[in-house]
Amino acid sequence: MAQEALAVKTEELTRVFRLRKREAREGRREILALDRVNLEVPRGELFGLLGPNGAGKTTLIKILATLLAPTSGRAFVAGVDVVANPAEVRRHINMVCGGETSGYGLLTVEENLWMFAQFYGIPSREARRRIRELLSLVGLADRAKTKVYHLSSGMRQKMNIVRGFLTDPEILFLDEPTLGLDVQTARTIREFVRNWLREHPDRTILLTTHYMHEADELCDRVAIIDRGRILACAAPSELKHMLQREAVFRLYVEGVADARAALDGMPGVRALAQEAEDGRLRLDLILAEEGVLVSVLSRLQEAGAKLAELRKEEPTLEDVFLALVGRRLTEGTP
Amino acid sequence: MSWRTFWRTVVGRAYPRFIGVWREKSWVVFDVFFPLLQVSAYVYIYRAIGAPPEFAGFAVLGGAMIAYWMNVLWSMASQLYWEKESGNLQLYLIAPTSRMAILLGMAVGGLTATTVRAAGVILVGALLFRIPLQVSHGALFFGVFLLTLVALYGLGMLLSSVFLLWGREAWHLSNLFMEPVYLFSGFYFPVRALGFWVALAASVIPITLGLDALRQLLYPRLMEQFRFLPVETELGILAGLAVLFIFLAHRGLRFFEDLARREGRLTLRGQ
């Protein structure tokens, strides 16, 4: 694809963090946060980076937002090299992070937003107009005159979201924007993002999340990232389609605390995740075909497990992740 | 980046500091009452030994200037560290504006807010201890005061850029700089008492020369025997320091920002 048509492009992008002596983990003095990442995000797309904590999502966003230099490789935002010309990149971007505590507590919501608008050279009258409009869209208009230290974390995040959109960026980085928020606030933010993109089809959003339903619901395309590597990149439906020939089952068994020993390496078992739940063991299985289930059940029975519940599931992005990585998204990066 | 954006950034970043004067009234206690306690100690020592009343004026003026030094250390030099902790720094850095404008906004806002505090110290101190305040050359006095602040906040901007690279170390360094400067800059006594070479070395902190010059203009007759350097010389050095510090701050900011970007120190890890 031509460079002008791309909002983001990376070529073999790599970032290694060198640890100080006291930070060294298991004798390792380096962490490979990004490993030769190649990405192309066309303009107008809502692109998701889905991966567990520590997968490299935030590192990638930081490089694209000119906050971190890559160790090797190249990255372009709006066609501009982030290392060679960071000042030019900044004219095209903005960023919002989850759990952000930016701004000043003694300023009101409106004053904080006005302050950030000044850094983008937006005239005060225009800034105030946009602030009023956006606050009302996220349902925070009645808090415009409230001091920030009186806001709940959900309200604060709505304010942060408004800050990100206030400058009308060509490319917006949303790094875990709904992290730790209640269901209603997260829904409001997702709706706002979706509507904004509908009204501004030429804008691009790069969203990182470890909530698979968020990626599924919002994103045009999703890249699954783990240990700094992109494992798959496609539309959510296409990713799930990868598992269409396979069979996804959820089993609840009693009488065993660990089923891995019984099922690991068994022919036809593509991936397995297990978790204790309400005194039972929940098993998420991806099988090469439905017929393998009979052997699985008999192997479990031999191991002393008693089947309590069995469900065939429609593949989700979580299952795609499990199939690709071999563990659940919520388990983090070891 | 246009000049309009530059000035909007300055005003935007200065705003929280302007507004803080009215919204956080605790400064009356911490920045006026507490410094006056220390000033009082010196005033009573001077009175006890029968020193001329102008000596009490030395202490009050020094007490007022301490407010600026504290502001430079804690709200300029260490500020980018706090901003990093709160998540503001990354938002400043991704904005398409000048970092110098952000530092200048911090300085202008801090300087204005601190002037209210310093004026409070001088006003209450002068009334409380009946200190004679007669400025002989008003314009020159104001010029020296302004130049001292420009040089001082220039130093603050320079320290701020250096501290950009450090985390908690910045906090420790600010602590380290605080008390010794009270002594070596002669906040409560004419700096010449420390000897020429110590006073000269302490002159790298602009308040040292600024205070000496202001005292000379406030109490010309008495300061004839206590002055460190002639006012004109001190004015020249202050102007040189102002230019040097602002230039170094500009260069340092770019250098340390690039270094911090390479080392991954501009944001908190995992954030």
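**Exercise 1.** Work out whether Val16(A) is buried, partly exposed or exposed in this predicted model.

*Solution.* Start with the count: Val16(A) has 15 other C-beta atoms within 10 Å, so Val16(A) is partly exposed. The cut-offs are 20 or more other C-beta atoms within 10 Å for buried, 12 or fewer for exposed, and partly exposed in between, with C-beta atoms placed from the backbone. Next, place the residue: Val16(A) sits in strand β1 (residues 6-18) of chain A. Helices (H or I, at least four residues) and strands (E, at least two) are DSSP runs, numbered from the N terminus. Then look for its company, skipping residues up to four places away in sequence: Val16(A) touches Glu30(A), Ile31(A), Leu32(A), Ala33(A) and Thr71(A). Contact here means C-beta atoms, placed from the backbone, within 7 Å. Finally, check Pro70(A): 54 residues separate it from Val16(A) in sequence, but the C-alpha to C-alpha distance is 7.9 Å.

A word on bookkeeping: residues are numbered from 1 along each chain as its sequence is written, while chains are lettered from A and ligands numbered from 1 in the order in which they are written. As the model is predicted, local features need pLDDT of at least 70 and side-chain atom pairs count only at pLDDT 80 or more, whereas totals for chains, interfaces and linings use all residues.

**Exercise 2.** Trace the sheet that holds β1(A), and find its edges.

*Solution.* Read off the order first: four strands of chain A make an open sheet, β2-β1-β4-β5, with antiparallel pairing. Now the edges: β2 (30-42) and β5 (80-81) of chain A each have a single partner strand, so one side of each is left without a neighbour in the sheet. Zoom in on one pair: β1(A) and β2(A) run antiparallel over nine bridges, and strands count as paired if DSSP finds at least two bridges between them. In this pair, Arg15(A) stands opposite Leu34(A) of β2(A).

**Exercise 3.** Explain why helix α1 (residues 57-64) of chain A counts as largely enclosed, then follow Leu64(A) into the core.

*Solution.* Count the burial: eight of the eight residues of α1(A) are buried, so the helix is largely enclosed by the rest of the structure. Among them are Lys57(A), Lys62(A) and Leu64(A). Just past the helix, Thr66(A) adopts a positive phi of about 70°. Back to Leu64(A): beyond four places in sequence, its contacts are Val8(A), Ala75(A), Val77(A), Val82(A) and Phe173(A). Leu64(A), Val77(A) and Ala59(B) have the most contacts inside the largest nonpolar core, which has 184 residues. Such a core is a set of buried Ala, Val, Leu, Ile, Met, Phe, Trp, Tyr and Cys residues joined through C-beta atoms within 7 Å. The top contributor to this core is helix α3 (residues 54-77) of chain B, with 16 residues.

**Exercise 4.** Describe the side of chain B that touches chain A, and say how confident the model is.

*Solution.* Size it up: 30 residues of chain B contact 24 residues of chain A. At least two residues come from each of α1 (3-23), α5 (88-94) and α12 (231-263) of chain B, and α1(B) gives the most, 11 residues. For confidence, the model scores ipTM 0.88 and pTM 0.86. Chain B averages a pLDDT of 89, with 98% of the residues at 70 or above; pLDDT is the predictor's confidence in each residue, from 0 to 100.

Definitions and conventions:
Contact = placed C-beta atoms within 7 Å.
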